[in-house]
Structure formats: C-alpha cells, structure tokens
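Me: I'd like a close look at one part of this model, the open sheet and what packs around it. Could you walk me through it strand by strand, and then place it in the rest of the chain?

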Amino acid sequence: MDNLIKHLENLAQLDAIASLESQVFHYMHKHLSLVSDEVMTDGLGSVFGVKKSKVNNAKKVLLAGHMDEVGFMVKGINEVGSLSIYPVGGWWSQTLMSQRVRVTTHDGKVYKGAIGSIPPHLLTEAKRNAVVDIADLLVDVGATSKDEVLKMGINLGDMVVLDGGFERLNDQRILSKALDNRYGCAMALCMLEAFKDIDLPFDLIAGATVQEEVGLRGAQTAAVLTQPDIAIVYDCSPANDAAGDKDVLGKLGQGVLLRFVDASMLPNRCMIERLKQTAINHELPYQYYLSLGGTDAGAIHKANMGVPTLTMCIVARNIHTSSSICDVNDLNAAYEASKHFLSELNDDAINDMIKCNQ
Ligand SMILES: [Zn+2]
C-alpha cells in the first residue's frame, strides 16, 4: 500500500497526454521490468509486464490503467508570443483560467506558463457572467514575440498540461493533477510487485495503455497484444459528493466501486459479484456506482472473441482538473480487494466468468 502511494505520487507528477505518453511509458517500463518475466509493448506505446505461471497453457489475466491525462496541444502562436491551445480529452473551460501550465517541446524542453484570464476590472458585466471558450484561451510562457517562442523550441502540436502538485492534505486525502489515471498505472504496477514471489495459476499481465482519453484507442491494440482471457481495468471515476447530498453514488472514502453499469460497458456479473464477496470477506469498504462515462474496459471487453471484464475504480473529486482529490481509504480498499481477488482466483473461477452469461 505504501508502494501504491509512492508510485501514485511519482506518476502523477509526470506529464503525458494522448500520443505523448513517453514519460509515463519509461517509468512503467523501468518498474515493470524489475518484477516481470517479460515486458511487452505495442505499436501505439502501451506497456505490460508479464509474470508467467508454472502451469502449462495457463489462462491470461490482464490488469490495465491508462497513462494519458487530459491536456492540450499548442494550436497556434500569435505575434506577441501567446499560445492558443487545442484540448486533448474532456475539459470544462471554467476550470482553466489562470491555471499554471507546463509546455513540453518535441525535444523535451519544459517551460512553465499560465493560461491568461482577463482581470475583473476590465470585464463588462455580460462578459463576467459568460462561459469562456477554450478556443479563446491563451497561454503565456513569458515570451514577447512569435520568434522568441519558436527560438524556445515550442511548436504546434507540443504538449501542454496543467501544473498541479502532489499534496497530502491530511492522513486521508491526497490532492494532485492526473489522479485520473496514474491511480490505474500505479495499481497495475503494484499488483505485479505484490505477486512477484508468489506462484499463480494464471499468467498475470499488468501495465498501462495509451490514448484512453481520446476514445480508448490504446486499449484496442493492448487487447490484441496481450490476448487476455479476463481483464480488470483500474480507473478514477468522478465523485460528486462534496455538497453533502446523501443520494449521490460515488462518495469519497466509501470504498472500491462496484461499477455495475457505465456508458461503454456492462461488466461481467460473475466478476463484479466476486469483487463484492472479496470485499465482504476481507471487511473492505465497497460502494455501488453508475457511471455516465467509460473506461478502457469499453474497448477491452469487445476485443477478440469477447473478454470478461471488470473495473476496479475509485472516485476522486475534481477529475479532469489540476486539483483532483482522492481518499487513502479508497486506495487501500481497491489495493486490498484487487490483491485478494487475484490471490483467490483460479482456473475454475475464470471458466465461470467466461461462461457467466450462458
Ligand atoms: Zn481515466
């Protein structure tokens, strides 16, 4: 569990948007290599460590989180040196003004900057109440001309992410950018670390996909690469509990999610029931959750001839902003539930999952 928080902190402070995930790729590759028999990669940049079973023709269990965070690409450079930006992944424009950013050039130089915001003194009442359009936002990296920006090495297509440092607010709560979904990357890594010296009756394939935030693209190729018999996807779902409404699903600190439906997948019933029983047997908190969004599970469960798939998500507040907040209790519940789920998994259980809807 300490590993999980350490990896989460390290991973969350790396910068990776869809198609520019190399910082997270290298971290994952390095740490997966230490605990795997083999590391697999595909042509889009996903990476998985494989822990082989001693059993012949063992079934394959895939664990995956996605590497990319929501961010931007530089879309234009104007004559006074400001950058316009193109969103990569889902943003609400109101979370963006005056945020600090990091711009990474194609050759790896990193520049700090800020998204501009017109001071209230200069705004009419109508403008003050209007929602801003991302197309109108400008990033200031301190340059005074287009030439200066180009000399810095910044060009169109370069990565822009919001800065959002990792903070322990107290014993329970963590604040950072990119908890969605370095949580998933850290979980996949931690499972291989946890089972490093333990024989399992199945091949454990754990790692991270690319390009989830733009439509589960890396998950498609990762499923072809890894050929799983069943899969577990780790991701962060939105909590909407801060106003204290008792009826909302997905409360911070209330445990791992039984995500019984989402916009891209209906989970395998035997798997979700097993997750619930695992949580009950080990006295871990769990909560039902219905999501209007999707995860990589949406692509993986439809891959090949169909892959029984489950999500093991936690909720975080303010996802897709620079300031997401998650709860250590939830991290612990997901970590322990995942570990027990896997250590109690065998061929019969996997076959039951495959035949679950028959
Ligand atoms: Zn996500």
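Reply: Here is a walk through the sheet, then the helices and core, then the rest of the chain.

Keep in mind that this is a predicted model. The sheet is an open one with six strands, in the order E1-E2-E12-E3-E13-E17, and its pairing is mixed. At the edges sit strand E1 (38–41) and strand E17 (309–311), each of which pairs on one side only. Going from neighbour to neighbour, the strands are turned by 20° on average, ignoring direction. As general background, strands of a sheet pair through backbone hydrogen bonds, and the pairing can be parallel or antiparallel.

Let's start at the E1 edge. E1 and E2 run antiparallel and are joined by four bridges. One pair to click on is Glu38, which stands opposite Val50 in E2. The two strands form a hairpin with five residues between them. In that turn, Gly45 has a positive phi of about 120°.

Next comes E2 itself. E2 is mostly covered, with four of its five residues buried. On to its pairing with E12: five bridges hold these two together, and they run antiparallel. Here Lys51 stands opposite Leu204 in E12.

Now jump to the E17 edge. Strand E13 (residues 230–233) is joined to E17 by three bridges, and these two run parallel. To find the register, look at Val233, whose bridge partner in E17 is Thr311. So what makes the pairing of this sheet mixed? The E13 and E17 pair runs parallel, whereas E1 and E2 run antiparallel, and E2 and E12 run antiparallel too.

What lies across the strands? Helix H2 (residues 22–33) lies across E1, strand E2 (47–51) and strand E12 (202–209), and it runs at about 10° to E2. H2 also packs with H5, at an angle of about 10° and with the axes 10 Å apart. Angles under 35 degrees count as roughly parallel, so H2 and H5 are roughly parallel to each other. On the H2 side, the contact is made by Val24, Met28, His31 and Leu32. On the H5 side, Cys185, Leu189 and Leu192 make it.

That takes us to the core. The largest nonpolar core has 107 residues, and those with the most contacts inside it are Val24, Met187, Ala188 and Ile314. Helix H5 (residues 179–194) supplies the largest share of this core, 10 residues. The core also draws at least three residues from each of domain 1 (2–69 + 177–354) and domain 2 (71–162). Val24 is worth a second look: this residue is among those with the most contacts inside the core, and it is also part of the H2 contact with H5.

Ile314 is another one to display with its neighbours. Leaving out residues up to four places away in sequence, Ile314 touches Tyr183, Cys236, Val256, Leu257, Cys326, Asp330, Leu331 and Ala334.

Now for the wider chain. The domain assignment gives domain 1 (2–69 + 177–354) and domain 2 (71–162). Their centres, taken over C-alpha atoms, are separated by 32 Å. The contact between them takes 11 residues from domain 1 and 12 residues from domain 2.

There is also a barrel to look at. Six strands close into it in the order E4-E5-E8-E7-E6-E9, with antiparallel pairing. From one strand to the next, the twist averages 45°. Strand E4 (residues 71–77) and strand E5 (residues 83–88) pair in the antiparallel sense over six bridges. A handy marker there is Gly76, whose bridge partner in E5 is Ser84.

Finally, two loop residues. Leu249 lies in the loop between strand E14 (236–238) and strand E15 (256–261). Leu249 has 19 C-beta neighbours inside 10 Å, so it counts as partly exposed. Leaving out residues up to four places away in sequence, Leu249 touches Tyr288, Tyr289 and Leu290.

Gln172 lies in the loop between strand E10 (167–168) and strand E11 (173–176). Gln172 also counts as partly exposed, because it has 14 C-beta neighbours inside 10 Å. Beyond its neighbours within four places in sequence, Gln172 is in contact with Gly253, Asp327, Val328 and Asn329. From Gln172 to Gln254 the C-alpha separation is 12 Å, with their positions 82 residues apart along the chain.

Notes: Residues numbered from 1 in each chain as written. Predicted model: local features only at pLDDT ≥ 70, side-chain atom pairs only at ≥ 80, totals over all residues. Core = buried A, V, L, I, M, F, W, Y, C linked by C-beta atoms within 7 Å. Buried ≥ 20, exposed ≤ 12 C-beta atoms within 10 Å, placed from the backbone. Domains from an automatic or database assignment. Contact = placed C-beta atoms within 7 Å. Pairing = 2+ DSSP bridges. Axes fitted to C-alpha atoms, helices over the stretch in contact; angles between N-to-C directions. Parallel < 35°, antiparallel > 145°, perpendicular 65-115°, else oblique.
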